[in-house]
Amino acid sequence: MTLRTTARAVLGAGLRSERLRSATGLLGGYAAASATHLGAILSGSSVVRRATKPALMPLLAAHSVTAATREGRRAPKLLAPALLLSAGGDVLLQIEDDTAFLAGMGSFAAAHVCYVAMFVRRGALTDRRRAFVVAAAYATAWAAMVGQLWPDLGDLRVPVAGYSLLLASTAVTSAGLGWRTGLGGALFLLSDTLIATQLAKWRELPGHQFWIMATYVLAQYLLATGTLRHADGDDEARTGP
């Protein structure tokens, strides 16, 4: 091994180590911001709650990009857009205005389009029999949920039904990449179902808003990290042991 080759190897190892620390730090930042946000909900601190919510998904998106590049790879192209579109939805939904609410729902809908496209491209529907069973289960749940909520949603009936169909599609396709992304998709569906019951003015659970956000931040974490782990598996499959 020449001196130049050795220097490159040492430099490469140093860069990977630095990127690993950056990725770990960003994930720690996401965990801290999530915990602070959830604590603000429980304590009733609206200032802290509003300040931390917009930071959540950008931190997770930055972690996803950094975690992939530490190995000299690129993160799946649609992962960061899905997370950043979710961040846009988070910001818009904090504005107490009907137009902003619909815009926020639209931003989240675009995020789900990114998720579905990304999961399908990564082979989520390869096992057709399994995909059919999962799709049938979620379709049944979707029909039951919309059917129960429909009378109480008023003018939001069509937007909520359309958005929830996209959300269910994310849940179906996420299951095709493994248990981690599958659980993330299911929790995302649960989180937004809790929001839908608020819109319908149903009786709320104790700590309703806390559970909405707790399931949401965990769902996004599982979707992002599950996608990255699946990408790692693809790379290992291509390069061999």
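**Exercise 1. Determine whether Lys 201 is buried or exposed, and state where Lys 201 is found.**

Solution.
Step 1. The classes are fixed by relative accessible area, calculated with a 1.4 Å probe on protein chains only: buried means under 20%, exposed over 50%, and partly exposed in between.
Step 2. Lys 201 counts as exposed because its relative accessibility is 75%.
Step 3. Lys 201 is found in the loop between α7 and α8 (208-239). Helices (H or I, at least four residues) and strands (E, at least two) are DSSP runs, numbered from the N terminus.
Step 4. Although Lys 201 is not a glycine, its phi is positive, at about 60°.

The model is a predicted one, in which local features need pLDDT of at least 70 and side-chain atom pairs count only at pLDDT 80 or more, while totals for chains, interfaces and linings use all residues. Residues are numbered from 1 along each chain as its sequence is written, and side-chain values use heavy atoms, with hydrogens and water left out.

**Exercise 2. Describe the make-up of the protein chain in helices and strands.**

Solution.
Step 1. The protein chain has 8 helices and 0 strands.
Step 2. Read from the N terminus on, the order of elements is therefore written α-α-α-α-α-α-α-α.
Step 3. Of the 241 residues in the protein chain, 42% are buried.
Step 4. A contact means heavy atoms within 4.5 Å. Among contacts between residues at least 6 apart in sequence, 73% join residues at least 24 apart.

**Exercise 3. Check whether the span of helix α5 agrees or disagrees with its number of residues, and find which residues of α5 are buried.**

Solution.
Step 1. The expected span of a helix is 1.5 Å times one less than its number of residues.
Step 2. Helix α5 (residues 128-149) has 22 residues and should therefore span 32 Å; its end C-alpha atoms are 31 Å apart, which agrees.
Step 3. The buried residues of α5 are Ala 131, Val 134, Tyr 138, Met 145, Val 146 and Leu 149. They lie on the same side of α5, because they cover an arc of only 95° around the axis. The arc is that of the directions from the helix axis to the C-beta atoms.
Step 4. An α-helix has 3.6 residues a turn, so residues three or four places apart point the same way.
Step 5. The face turned away from the buried side of α5 carries the exposed residues Arg 129, Phe 132, Val 133, Thr 140 and Gln 148.
Step 6. The cover over the buried residues of α5 includes α6 (157-174) and α7 (179-199).

**Exercise 4. Identify which residues line the largest cavity, and which lie nearest the centre of the largest pocket.**

Solution.
Step 1. On a 1 Å grid over the protein atoms alone, a cavity is a set of points where a 1.4 Å probe fits but cannot get out; a pocket is an open set with protein on both sides within 12 Å along at least five of seven lines; lining residues have an atom within 4 Å of a point.
Step 2. The structure holds 1 cavity of 30 Å³ or more, and the largest cavity has a volume of about 50 Å³. A volume is the space filled by probe spheres set on the grid points, which are joined across faces, edges and corners.
Step 3. The lining of the largest cavity consists of Ala 124, Leu 125, Asp 127, Arg 130, Ala 131, Val 134, Val 172, Ala 175 and Gly 176. Helix α5 gives the most to this lining, with 3 residues.
Step 4. The largest pocket has a volume of about 790 Å³. Its lining has 32 residues, of which Leu 93, Phe 101, Ile 195, Gln 198 and Leu 199 lie nearest its centre.
Step 5. Helix α7 gives the most to the lining of the largest pocket, with 7 residues.

**Exercise 5. Establish whether Tyr 216 is buried or exposed, and which residues Tyr 216 touches.**

Solution.
Step 1. Tyr 216 is found in helix α8.
Step 2. Tyr 216 counts as buried because its relative accessibility is 3%.
Step 3. Not counting residues up to four places away in sequence, Tyr 216 touches Met 57, Ser 86, Asp 90, Phe 108, Phe 188 and Ser 191.
Step 4. The C-alpha atoms of Tyr 216 and Leu 187 are separated by 6.8 Å, with the two residues 29 apart along the chain.
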